[in-house]
Amino acid sequence: MISATLEVGASMLLLAPVRGLEEEARAAVASLDAFGPEVVGAGVAAEELDGLVTYFVNAPAEPIVPLATAELSEVRGLCRFGEVRVPNPAFLEAIAWGRDRGVAFAPLDPDEERSADLFRENIGYWELVRRTLREHRLGRSPPTPSSADAYALTWDRTVAGGRGSRRLAAARDGHLAEGARRLAQGRRRVAVLVDRERFERVRDLLTGTSGATGVRRA
């Protein structure tokens, strides 16, 4: 897991575990324990957070989760590096961690309506076709890097490397960074949890710089 502590008025711990990997979820929770944030923000929409809490965190048993073809391919390739869970166990474990300690968990991604608008504004027909073709190719031949970190980055670059996809990611991360700054106002210690592939963009948006200063790997 990659992380960094940023100074943005408050001290902010930015955590970016690889999506789905159980080992990285445990590392994220250990980092939260050590840092002791007053609130945790995360790269999820409000509607998604409601679903995670209702159907997973507060449920007596986890439901069966149907996966799209691309999601199934991603999980299969990631299994080389350890136990994998869906939905993202880092979010589930962080929500449960906060509930047990009275620490609020705040969604920072655009809501469903705004996300749909951003998709329409940035993903045209041909970009959608190219994304679909790239997902099919990855399904037939997943990347084989030597680490889970490299796997996550390679998968994202392959699927979302088009110009429209990059604009969409930038808009989404910009929304998250603005919400994270608001979350930090009036607080001393704040944590923000995002998927691994979003780490560099979100860090640079929050600090106004580009570089690896203060980055840690667990």
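1. Of the contacts (heavy atoms within 4.5 Å) between residues at least 6 apart in sequence, 77% join residues at least 24 apart. Keep in mind that this is a predicted model, where local features need pLDDT of at least 70, side-chain atom pairs count only at pLDDT 80 or more, and totals for chains, interfaces and linings use all residues. Residues are numbered from 1 along each chain as its sequence is written, and side-chain values use heavy atoms, with hydrogens and water left out.

2. On overall shape, a compact globule of 218 residues would have a radius of gyration (taken over C-alpha atoms; the rule is 2.2 Å times the number of residues to the power 0.38) near 17 Å, and the protein agrees, with 17 Å. The C-alpha trace spans about 45 × 40 × 35 Å along its principal axes.

3. Now the inside. The largest nonpolar core (buried Ala, Val, Leu, Ile, Met, Phe, Trp, Tyr and Cys joined through side-chain atoms within 4.5 Å; buried means under 20% relative accessible area with a 1.4 Å probe, protein chains only) has 27 residues, and Leu15, Leu32, Val40, Phe105 and Leu193 have the most contacts inside it. Its largest share, seven residues, comes from α4 (helices are DSSP runs of H or I, at least four residues, numbered from the N terminus).

4. Take Val40: leaving aside neighbours within four places in sequence, its contacts include Leu32, Trp97, Phe105 and Ala191. A second, separate core of 22 residues includes Ile2, Ala10, Ala106 and Val194.

5. One helix pairing to look at: Glu127, Arg131 and Arg134 in α6 meet Arg163, Gly164 and Ser165 in α8.

Definitions and conventions
Buried < 20%, exposed > 50% of the residue type's maximum accessible area, 1.4 Å probe, protein only. Helix = DSSP H or I, 4+ residues; strand = E, 2+ residues; numbered from the N terminus.
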